[in-house]
Amino acid sequence: MIPALKRADFESFARSLAEFNRNAGEPFHLDQGGPYASPAVAELIDELMKWNVRGVGQSSWGPTVFAFAPNEPEAEQLAARLRMRFPNLADLCVTAADNQGVRVLS
């Protein structure tokens with residue numbers, strides 16, 4: 001994952017992040033019924049993967065799901081498609097990555 005990130009290789013980074021995320025959830029399989037926090041999270045992630053969305057996973061123990069897109073127009077298209085397919089999502093936002101780290105303003 002890190003070498004892909006350093007090369008700015010979106011496809012490899014996103015693919016390896018999704019794989020890492022799924023593998024990180026596997027130890028909790030018995031407690032939560034799979035690698036993800038709930039059946040609803042698993043359904044959303046499975047649907048995104050069927051759509052060939054890259055970099056899909058859950059944040060920590062969920063229920064937040066994330067997906068990466070290579071650019072803003074593709075991210076907005078994905079968000080629109082998700083809103084149509086899952087109209088009851090609690091919240092859905094498109095945001096850019098921030099590689100600046102924490103800034104403290106006073």
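**Notes on helix α2 and the contacts around it**

1. Let's start with the packing of α2: its buried residues pack against α1 (2-7), α3 (29-32), β1 (54-58) and β2 (65-68). Keep in mind while reading that this is a predicted model.

2. Which residues of α2 are buried? They are F13, A14, L17, A18, N21 and G25. These residues cover an arc of only 130 degrees around the axis, so they sit on the same side of α2. The spacing in that list is familiar from helix geometry: an α-helix has 3.6 residues a turn, so residues three or four places apart point the same way. On the other side of α2 you'll find R15, E19 and F20, which are exposed.

3. I also looked at the length of α2. The helix runs over residues 10-25, and at 1.5 Å a residue its 16 residues should span 22 Å. The end C-alpha atoms are 23 Å apart, which agrees with that expectation.

4. Now for the overall layout. The chain has 5 helices and 2 strands, and from the N terminus on the elements run α-α-α-α-β-β-α. The C-alpha trace spans about 40 × 35 × 30 Å along its principal axes. Of the 106 residues in the chain, 25% are buried. Among contacts with a separation of 6 or more, 37% come from residues 24 or more positions apart.

5. On to the charged pairs. How many salt bridges does the structure hold? There are 5. One of them joins R7 and D9, with the closest N and O atoms 3.1 Å apart. R7 is exposed, as its relative accessible area is 53% and the cut-off for exposed is over 50%. D9, at 22% relative accessibility, counts as partly exposed.

6. Another salt bridge brings the side chains of R54 and E11 together, at 3.5 Å from N to O. This pair links distant parts of the chain, with R54 in strand β1 and E11 in helix α2, 43 residues apart. Both ends are partly exposed: R54 has 24% relative accessibility, and E11 has 35%. There's a further partner to look at here, since E11, R54 and E74 are linked in a network of salt bridges.

7. R85 and E47 deserve a look too. They form a salt bridge whose closest N and O atoms are 3.5 Å apart. Here again the pair links distant parts of the chain: R85 belongs to helix α5 (residues 72-85) and E47 to helix α4, 38 residues apart.

8. Is E47 buried or exposed? Its relative accessible area is 15%, so E47 counts as buried, given that buried means under 20%. Its partner R85 is partly exposed, at 37% relative accessibility. Helix α4, where E47 is found, covers residues 39-50. Setting aside residues up to four places away in sequence, E47 touches R85 and F86.

9. E43 is in helix α4 as well. What does E43 contact, leaving aside its neighbours within four places in sequence? The partners are R85 and F86. At 41% relative accessibility, E43 counts as partly exposed. For orientation relative to α2, the C-alpha atoms of E43 and R15 are separated by 19 Å, and the two residues are 28 places apart along the chain.

10. Last, the surface. The chain's accessible surface comes to about 7700 Å², and 56% of that belongs to carbon and sulfur atoms. M1, I2, L5 and F20 form a nonpolar patch there, with about 390 Å² of accessible area together. L5 lies in helix α1, while F20 is one of the exposed residues of α2, on the other side of that helix from its buried residues.

Key:
Residues numbered from 1 in each chain as written. Predicted model: local features only at pLDDT ≥ 70, side-chain atom pairs only at ≥ 80, totals over all residues. Heavy atoms only, no water. Helix = DSSP H or I, 4+ residues; strand = E, 2+ residues; numbered from the N terminus. Contact = heavy atoms within 4.5 Å. Expected span 1.5 Å × (residues − 1). Buried < 20%, exposed > 50% of the residue type's maximum accessible area, 1.4 Å probe, protein only. Arc of directions from axis to C-beta. Salt bridge = Lys/Arg side-chain N within 4 Å of Asp/Glu carboxyl O. Patch = residues over 30% accessible without salt bridge, like charges linked within 9 Å, V, L, I, M, F, W, Y side chains within 5 Å. Areas by Shrake-Rupley, 256 points an atom, 1.4 Å probe, with all protein chains shown as cover.
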